[in-house]
Amino acid sequence: MAESYLPALMFVVFALGFAAVMLGLTMILGPKRATAIKDEPFECGSEPIGSPRVKFSVKFYQVAILFLVFDIEVAFLYPWASLFRELSCSVPLDAAGVCTGEASLFGLVEMLIFLAILVVGLAYIWRKKALDWA
Amino acid sequence: MTFALGPVPLLPEPAAAAGQATTASAQALVDMVHLAPMMIVGIWSLIVLVADAFARPGLRRFQQTLTLLGLGLAVLAAVGQFGHYEYDGGIEVFSGFLYVDQFALLVDLGILGVAGAVVLFAGDYNRSHRFEYGEHESLVLIATFGVMILAHAGDLVALFLGIETMSIAVYVMVGARWNSRQSPEAALKYFVMGAFSSGLLLMGIALVYGATGVTGLDQLSHEVSTVFTKWRAAQDYVAVVEAPEGFPAGMVDMAQDKVALGIAPAALLIPGVLLVLGALLFKVSAVPFHMWTPDAYEGAPSPTTAFMAAGVKIGAFAALLKLFVGTFIVGSLVQAPYGWTSVVLWLAAATMIVGNLAAVRQTNVKRLLAYSSVAHVGYLLVGVVAAASFYGDRPAKGYLPTADEHAWASNAGDTAVASILYYLLAYAVATLGAFACVSWLGRDKKEASAAHEWSGLAQRHPGIALGMTVCLLSLMGMPPMGGFFGKLFVFRSAFEHGSEALRIVVVIAVVNSVIGAVYYLRLIVSMYFRPPLERDLGHVEGRGAPVVLAAAAALSVLIGIGADAMMQRCRLASAGFRIPPSEARAERVDELRAQWEQREAEADRKAAQEEGQQPGQKAGQQPGQQPDEKAQVEVPAAAAPSAEGGTPPAEAEALDDGG
């Protein structure tokens, strides 16, 4: 049982070792000639302007968080949709994937409850003006 | 015609399966009704959130009332369920994902009370300190919902969900005071540490799942013992693997397989269990995972601190009990050298020593109460270790337990769990009162939580000082307050039946209770015997905090005076705690009820004889029990004494001393 993890261990060792060897070799072998231009932060060849520490509006994070919620909603919806035939059948599907029993509302209602909770959240952020950019 | 024989027996099967499956959706509805308190709180958190979004500004009072209404409904549901015969054996809902049993229902009642109290005084506090926000009530309800998931959890995944639901709501509440610098800092500290501990918990759950292949708690308790059986079996082959010379090749191969199969799961399980333990010890803030506690407690708004000190502790201890007293109780896992009790025992001692010694040096009342809560966790952990070692003691002694020993172990373990529940509730009540008082003092963005600001409080606000004194005395463990009986029950059950190491730690705990008196009494002395400050620091407008303080002080005394009745309820909640929901657990509860009936009938008879009347015909009313169901317990009444055997009925003694 423990041996079956050996490939994983070998992979980890190899990955760490490869990175360490590569970085180490560059440090040892690479020529080091520092100039003012070479010490500049890399900006795709153009000259850097201003400080890299720019203040972002907190609204970006807000939008990102709101997006995350609905992104996860889709992540839940997808496997649910692919299993919907099984969820809406009161007996396990037969080999051909045909429902031999009665239709069941179980899967639909479960997802509706989940969506209803998210809709409550949507109504909340909408009323709290979290969706307004201004 | 003969070929028809084949399909015939198969025919009824689809029909039966269809019947089962159509009831599956109906079953989900029935399950929700069983979970009524939890469902009400969950739905109410959404209702309150929407009400906040759509209500006109200035309707905060309405929102508070709405929340209290929901909590009241949930309390009604829980009161109706707790103690009802239907839940004696525990019911599995959502295919064993959650349990509804007496333990969970009692914890539900506790946390609903905590939430109600916090909602009562948080509104005034937030308004007075100018950071009123409408989501507060909803967040309290969500955190309450999380604690209830923990209490009901029947699966490691449910446990994780509960902890996260609870914690995330509390992180937000801690950081909600935007006009203070400390509050976001406290929230960040709490969040970073809490998220890390959640990671540990998840890693531990993954390892435990890897070792056993199950996440359901009742299967786990079975699988864990299988892991150790295999591990023990593998020990015989270790010699063959280490010195294969002289053994046939086939035997060496087999020995290697046995050793690999036997040792690998144990090698996954032990670190997994320790990771889960570490994460839960973080949540209860036991040493050495307590560092965040004083900062988070001090920086958080006082009502939130009250919820953390009372509600989160209740939830985390419910989880700790479920996992480490109810599930991971196989002898080898509990006892030395690999067992967790040998570690937690000394952690408990360290927790109370560190908590108490640090509390003595505090000059801020909130920090003082934070360290005092750390110390209380230490006392509670003694109970946890005691309960686990009683339940899991037998196999470590190297022989199979006899029936008598089984009965003894379950009795001693159940009593220890009941003591922990009693202690938790007594502690939660007193802490809520203390923090209600802290939240009441000071106003306009300035809390009066420095200890010197409390001097002479009794001259300015005698009622508040009296209530605070009662709560502090209960925390200190002064009879006849609830805190004293909590300590008495926990220490007693650990001392009476515990091992030598456990007894030493109980002695340390008693010494620590005395050290604890130093800082509680110092605060009381400064309230009563020091001159008041020249400048009145003012207090929060509104009656919420004084009402909660008065109720907490009254309850502290009440559950102290009525320790017998209270302990009986805790005993009902803990009966058969180790056994997963089943008929067997219901039988244990029935035995217990029968014992009580008998004792009450005897007491009645004695009373009647003293009055020179006929022996009493009917047994006294049991708490939380419908009269028409009494007939059911008459049957096992005869069986009860035999099961009790020659073993000392520990809980009977504890109960008799209670009153």
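This is a short tour of chain B in a predicted model, stop by stop.

Before you start: residues are numbered from 1 along each chain as its sequence is written, and chains are lettered from A and ligands numbered from 1 in the order in which they are written. Because the model is predicted, local features need pLDDT of at least 70 and side-chain atom pairs count only at pLDDT 80 or more, while totals for chains, interfaces and linings use all residues.

**Stop 1: confidence**

Colour chain B by pLDDT, the predictor's confidence in each residue, from 0 to 100. The chain averages 85, and 87% of the residues score at least 70. The whole model scores ipTM 0.72 and pTM 0.84.

Now select residues 1-22 of chain B. Here pLDDT stays under 50. Do the same for residues 615-659 of chain B, where pLDDT also stays under 50. Where pLDDT is low, the predicted coordinates should not be read in detail.

**Stop 2: two domains**

Select residues 31-202 plus 290-328 of chain B as domain 1, and 331-565 as domain 2. These bounds come from an automatic or database domain assignment. Taken over C-alpha atoms, the two domain centres are 21 Å apart.

Next, show where the domains touch. In chain B, 31 residues of domain 1 contact 38 residues of domain 2; contact means C-beta atoms, placed from the backbone, within 7 Å.

Stay on the domain 1 side. Helices α4 (102-128), α10 (292-299) and α11 (302-325) of chain B each give two or more residues to it. Helices are DSSP runs (H or I, at least four residues), numbered from the N terminus. α11(B) gives the most, with 12 residues. By class, this side has 19 nonpolar, 9 polar and 3 charged residues. Nonpolar covers Ala, Val, Leu, Ile, Met, Phe, Trp, Tyr, Cys and Pro; charged is Asp, Glu, Lys and Arg; the others, Gly among them, are polar.

**Stop 3: α5 against α11**

Keep α11(B) and add α5(B), residues 136-152. Among the elements of chain B, α5(B) has the highest mean pLDDT, 96.

The axes, lines fitted to C-alpha atoms over the stretch in contact, lie 7 Å apart. Their angle is about 25 degrees, on a scale from 0 to 180 degrees between N-to-C directions. The helices are therefore roughly parallel (angles under 35 degrees).

Zoom in on the contact. From α5(B), pick residues including V140(B), A143(B) and V147(B); from α11(B), pick partners including F307(B), I314(B) and A318(B). The contact has 9 nonpolar, 4 polar and no charged residues.

Terms used. Contact = placed C-beta atoms within 7 Å. Parallel < 35°, antiparallel > 145°, perpendicular 65-115°, else oblique.
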